[in-house]
Structure formats: C-alpha cells, structure tokens
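Biologist: Please take a close look at the salt bridges in this model. Place each chosen pair for me, then show me the wider setting.

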Amino acid sequence: MKHIVLFQLLICLPLWMFAQTDSAEFSSISKNLERVSFSGNGAMNYYNFNWQTDSIKRDAIDNERFILDLAYRWTDRIKLNTELEFEHGGTGVSVEFDRFEEFGEFEYEVSKGGEVLIEQMNIEFGLKRDIQLQIGRVKMPFAMMFEKDEPTDYLTAVISETEIQMLPENWTENGFLLYGKFGKKRNWQWQLSLVNGLDNSNFNSNNWIKRGNQRRFEMVNAENFALCGRLDYRKSKVFLIGISAYGSNSSSANRPKPDLKIQTPIGMSELHVQYNQEPFQLSAMAFYGELGNSEALSNQNRNLSNNLNVKRTPVGAAAIGGFIEAGLSIFGEKGLLLTEMKRDFLLFGRFDYYDTQFKTQGLIFNNPRWERQSWTVGMVCKWIDEVHFKAQYSDRVVGAPAPTSVQGGRHERTFIAGFAFEF
C-alpha cells in the first residue's frame, strides 16, 4: 500500500508543480496582454479613368492600404506606439548606394509591387500634465491629414488632391514630437517636432516636395533636420481651427550623393478649419510653400543617374493650394430624412486648387500644366460606423494640355468606388 501511495506522489507531484508553473506563466502573459492595445484600418478602391490627357490610361483596382496599430504600455507614463502599413498589396523595392564603386552604384532589391512600411515606431513619455514626448518615427503635425488620416475620417474615397499631390501621404519622419494642451478647458492643442529633413533629389514639377520623404533607401540620411509646429483650437467635436508650419534650412545634405553644395531651404505653412454638426460637416485648408535655389536644384537633378528612378523635372520655387469639402447626411439616424434607418447615407462635394509651379526661378519655365483644379461629388454609405462604402466622380482640369492629350484636351475625369474600414 505504501508503495502505491509513494508511486502516486511521484507521478502527481511533478504534474502539480508543472500546473503551478504553467498557471504563473499564464498569469504573466495575461498581465502583458492587458497592457496591449490593437487597432487598424484600411481601404480598397476601383478606378475608372476617362482622361483626355492620357486616352489609353486603363482602369485599375488598388488595395490602397491596410494598417495595423499596436501599442504597449509599460507604465502610466511610458508607452510604445507602432503602425505597420501595407500599401498597394505587397512589398517593395529597396535601394542601396555603394559609394565604393568607380562612380557610385545604386543597387536595387526587388520583391514585388507595393510597400510594407513602418509608418510609426516611437516611445511616448508622459512628462507632466497634458505634455507628452514621442521619440522615434513620428507623425508630422502638418496639414489636414494629420487630423484626418484614416480612410473613415474623410468623406471622399481618397485624401484631398491638394495634400496628396504636393505633400507626402501619411507623412511620418524620424525624430522627436512634443505635444500638449493648455487653456482653462484644454481647448488649445500644440505640437512641435524636430525630425530628419527631406531628400530634394526626388522633388519634381508634378508633385513638388512630395517624393522627398525618405522611404526608398535602407537607411535615412540625417545630415539635415527640419522643424514643424502646429497650433489648434478645438471646441468639443464640433469645431476646429488651426495653423501649422514647416521649415528646413537645407535638404541637399540628405541626397543619396553629396553632389549639391548649395542650400535649398524649405518653408511651408497652412491654415485649416473643420466643422461637424450633424447633419452638416465642412472642412477646408489653404497652403503656401517656398523652396530656395530651385533653379540650381533643377539643373543638378537633370544629371542624376537613371538607376535612381526619379523624375528629374524642374522644381517650382513656390507652390500654392487649397480645398473646401462639404457633406450632408440625407438618410439615417443623423440625417435629414428617414431617421429611423440604421445606416447613414451622405452626399458630399469638394473643390481642390493647387499649382506646384506657382513661381519658378531664373530660366526655369513656369509650365501652366501644373496649375490644376478639380471638382468632386459623391456619396458615402455608413453600413456601420466602422465600415463605409464610397463612390465619387471627379473632373480635374489641368492648366495646359499634356503631350499625350487627345485634341488638346485638359480634362481628367475619374470615377472611384470602394470601401473603407477601421477596427
């Protein structure tokens, strides 16, 4: 009998100890999971093109983006923020410059179309009441897309043309972001960032400084830095008005090769306003920016290697733009009619105007083609608050016919239909 009891103890004791250890580990995992927050968003669109400037432009489907946001909080004052973005359904192309080749060599590594990007990765510190500091890859506090960057935040199928044609989309850089609130009701919000500057080798006629966001190379050049500041006044969720400004003394030091010795200072500012009182909502922005020594930059960019895959077109000395967008909820709980409906249907309209060669320098030709304006109308069906179906029609008019224009046509008409979601 004693042998049987001893045998049972020898079997059960290790199992009991394992169970206790497993329970402790499970408890530890459970506590870690409580510190994790997880969210995401995405969009997919179908495009139908009827462009007089490019009659053979084909219809397309774009898996525009899928974003995963993951945060981990170590303490009440220390937090990790990450954002992983899958753009256009794939991975991308990385470029590395080998300066030890005879003339310098650009080496490409290609996987497939699209990109996978770390949009954000920063550690956030709570310094004191209403003041936070982020260190790492941070969002740039500039323009309306800083406030409305998720596809369920804006009415249209894509972000306003004014922003995505001239500025980096979902703009993030490496550095520091300090932000906070002040005022009796904490209605005033401010942000101040110090980040790496742009790469001016990819500035061009069509998109001005948009492609200067350093994403193509394995490492980001940090010889030059930029300052960006923002100030907003917010009255609950109904009204927002604010300004932001960006400045950098030189973007030449961050080129793939140090082949431009002069400085090309950048200065940009914008004013934005947002009003949202159901069933009506309105948003608008006005933008102006200048680039110094744009003629010398344009001349230097003409000599860049073909392997760098940049446009090498003349760069404007100044750019200007703005948009106004309005939406009206027609049906649904927040609408004018049939308020018993569970789903909301909205109609919207938007006008964009922008000129990426508002001014040119020296002998650079001010091409009227780059003065553009567009009208957009469409509808949104909010199946639920987190899932939106959208359709829109836009007519963009360019300032002058392109070389590929049919009979000198200047209209670029586009129909877009798709969906957006968040979770």
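Modeller: Buried means under 20% relative accessible area, exposed means over 50%, and partly exposed lies in between (1.4 Å probe, protein chains only). Keep in mind that the model is predicted: local features need pLDDT of at least 70 and side-chain atom pairs 80 or more, while totals for chains, interfaces and linings use all residues. Numbering starts from 1 along each chain as its sequence is written, and side-chain values use heavy atoms, without hydrogens or water.

Now the bridges. The structure holds 18 of them; each puts a side-chain nitrogen of Lys or Arg within 4 Å of a carboxyl oxygen of Asp or Glu.

Take Glu119 and Arg215. Their side chains meet in a salt bridge at 3.1 Å, N to O. Glu119 sits in strand E6, while Arg215 is in the loop between E9 and E10; the partners are 96 residues apart, so this pair links distant parts of the chain. Helices (H or I, at least four residues) and strands (E, at least two) are DSSP runs numbered from the N terminus. The two ends differ in cover. Glu119 is buried, at 1% relative accessibility. Arg215 is partly exposed, at 23%.

Next, Arg350 and Glu325. Here the N to O distance is 4.0 Å. Arg350 belongs to strand E15 (344-359) and Glu325 to strand E14, so the bridge ties together parts 25 residues apart in sequence. Both of these residues are buried.

Then Arg369 and Glu412. This salt bridge spans 3.9 Å, N to O. Arg369 is in the loop between E15 and strand E16 (371-384), Glu412 is in strand E18 (411-422), and the pair links distant parts of the chain, 43 residues apart. Arg369 and Glu412 are both buried. The pair does not stand alone: Glu161 and Arg396 join Arg369 and Glu412 in a network of salt bridges.

Strand E6, home of Glu119, also has a nonpolar side to its story. It gives the most to a nonpolar surface patch, with three residues. Such a patch takes residues with over 30% relative accessible area and no salt bridge, joining nonpolar side chains (Val, Leu, Ile, Met, Phe, Trp, Tyr) within 5 Å and like charges within 9 Å. Its members include Val116, Ile118, Met121, Phe38 and Phe423. Helix H1 (2-34) and strands E1 (36-51), E2 (60-73), E3 (78-87) and E6 (115-128) each supply at least two residues. Phe38 is found in E1. Phe38 counts as exposed, with a relative accessible area of 53%.

Finally, look at the backbone in three loops. Arg186 lies in the loop between E8 and E9. Its phi is positive, about 55°, although it is not a glycine. Arg186 is partly exposed, with 26% relative accessible area. Asn309 is in the loop between helix H3 (294-301) and strand E14 (318-331). Asn309 is not a glycine either, yet its phi is about 60°. Asn309 counts as exposed, at 60% relative accessibility. The third loop holds a cis peptide bond, from Glu278 to Pro279, with omega near 15°. Pro279 lies between strand E12 (266-277) and strand E13 (280-291).

Technical notes: Areas by Shrake-Rupley, 256 points an atom, 1.4 Å probe, with all protein chains shown as cover.
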